[in-house]
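Colleague: Could you take one part of this model and walk me through it closely? I'd like the salt bridges, and then the helix that some of them sit on.

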Amino acid sequence: MQAFAEAGVPLNEVTPLHNMERLALEMIDLQPDSVVNWQALPELRAGSTGQTDIWLRLTADASVPLTCQRCMGVVQTDLQVDQWYRFVASEEIAMAEDDASDEDLLVLTPQFDVMEVLEDELLMALPLVPMHDVCPVMPTFSAGEIDVPDDVGDKPSPFAALAQLKKK
Ligand SMILES: [Zn+2]
């Protein structure tokens, strides 16, 4: 990560959504060629106490198939991520500085995995209730779709007939 940041060259990647197992669980009918386009841009900045901090901007763009909660069909949903992170040396520092920081803090470890962070961000970007703006098929029936005899309105219901009997 240090070397990556010092080089200052953005990383542009295209990752199949299938490779993101936790995110893929949220989807229906995921096509094999569905991808997330993402970019990681490192930056070195002078910190408040003279040290050099590593910052990272993560941006991502994906269209994911979710289940519409109104019609239960597939609703293609755009997810966008644009987040700044600052790396800190330890979990303790992250805990201490988190509240005072607008950016997210990440602990710089040898195992740091940008894909994990990206998947977390995409999961957080998922809508709570995925829904079409206008559903392609409405779940309610209109009179044209079900076979209703034209004279249905004229027939007394059995209950109405029963009520008549009771009055006698
Ligand atoms: Zn819908």
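**Salt bridges and helix 4**

Modeller: Let's start with aspartate 82 and arginine 57, whose side chains meet in a salt bridge, 2.7 Å from N to O. Aspartate 82 belongs to strand 4 and arginine 57 to strand 3, so this pair ties together parts that are 25 residues apart in sequence. Keep in mind that this is a predicted model. As for accessibility, aspartate 82 is partly exposed, with a relative accessible area of 49%; since exposed means over 50%, that value stays in the partly exposed class. Arginine 57 is partly exposed too, at 30%.

The structure holds seven salt bridges, and another one joins the side chains of glutamate 43 and arginine 45, at 2.9 Å from N to O. Glutamate 43 has a relative accessible area of 30%, which makes it partly exposed, and arginine 45 gets the same label at 28%.

Now for the one that leads to helix 4. Aspartate 120 forms a salt bridge with arginine 22, and their closest N and O atoms are 2.8 Å apart. Here aspartate 120 sits in helix 4 and arginine 22 in helix 2, so the pair ties together parts that are 98 residues apart in sequence. Aspartate 120 counts as partly exposed, at 31% relative accessibility, and so does arginine 22, at 33%. This pair isn't on its own, either: Arg22, Glu116, Glu119 and Asp120 are linked in a network of salt bridges.

Next, helix 4 itself. The helix covers residues 114-125, and at 1.5 Å a residue its twelve residues should span 16 Å; the end C-alpha atoms are 16 Å apart, which agrees. At the N-terminal end, aspartate 113 acts as the cap, with a side-chain oxygen 2.9 Å from the backbone nitrogen of methionine 115.

Which residues of helix 4 are buried? They are Val114, Val117, Leu118, Glu119, Glu121 and Leu122. As background, an α-helix has 3.6 residues a turn, so residues three or four places apart point the same way. Note that Glu119 is on the buried list and is also part of the salt-bridge network.

And what covers those buried residues? The cover includes helix 2 (21-24), strand 2 (35-46), strand 3 (52-67), strand 4 (74-88) and strand 5 (104-107). That brings us back to where we began: strands 3 and 4, which help cover helix 4, are also the ones that aspartate 82 and arginine 57 tie together. Helix 2 is likewise part of the cover, and it carries arginine 22, the partner of aspartate 120.

Key. Residues are numbered from 1 along each chain as its sequence is written. This is a predicted model: local features need pLDDT of at least 70, side-chain atom pairs count only at pLDDT 80 or more; totals for chains, interfaces and linings use all residues. Side-chain values use heavy atoms; hydrogens and water are left out. Helices (H or I, at least four residues) and strands (E, at least two) are DSSP runs, numbered from the N terminus. The expected span of a helix is 1.5 Å times one less than its number of residues. Buried means under 20% relative accessible area, exposed over 50%, partly exposed in between (1.4 Å probe, protein chains only). Contact means heavy atoms within 4.5 Å. A polar contact is a pair of N or O atoms within 3.5 Å; within protein, one must be able to donate a hydrogen and the other to accept it, and residues adjacent in sequence count only if both atoms are side-chain atoms. A salt bridge is a side-chain nitrogen of Lys or Arg within 4 Å of a carboxyl oxygen of Asp or Glu.
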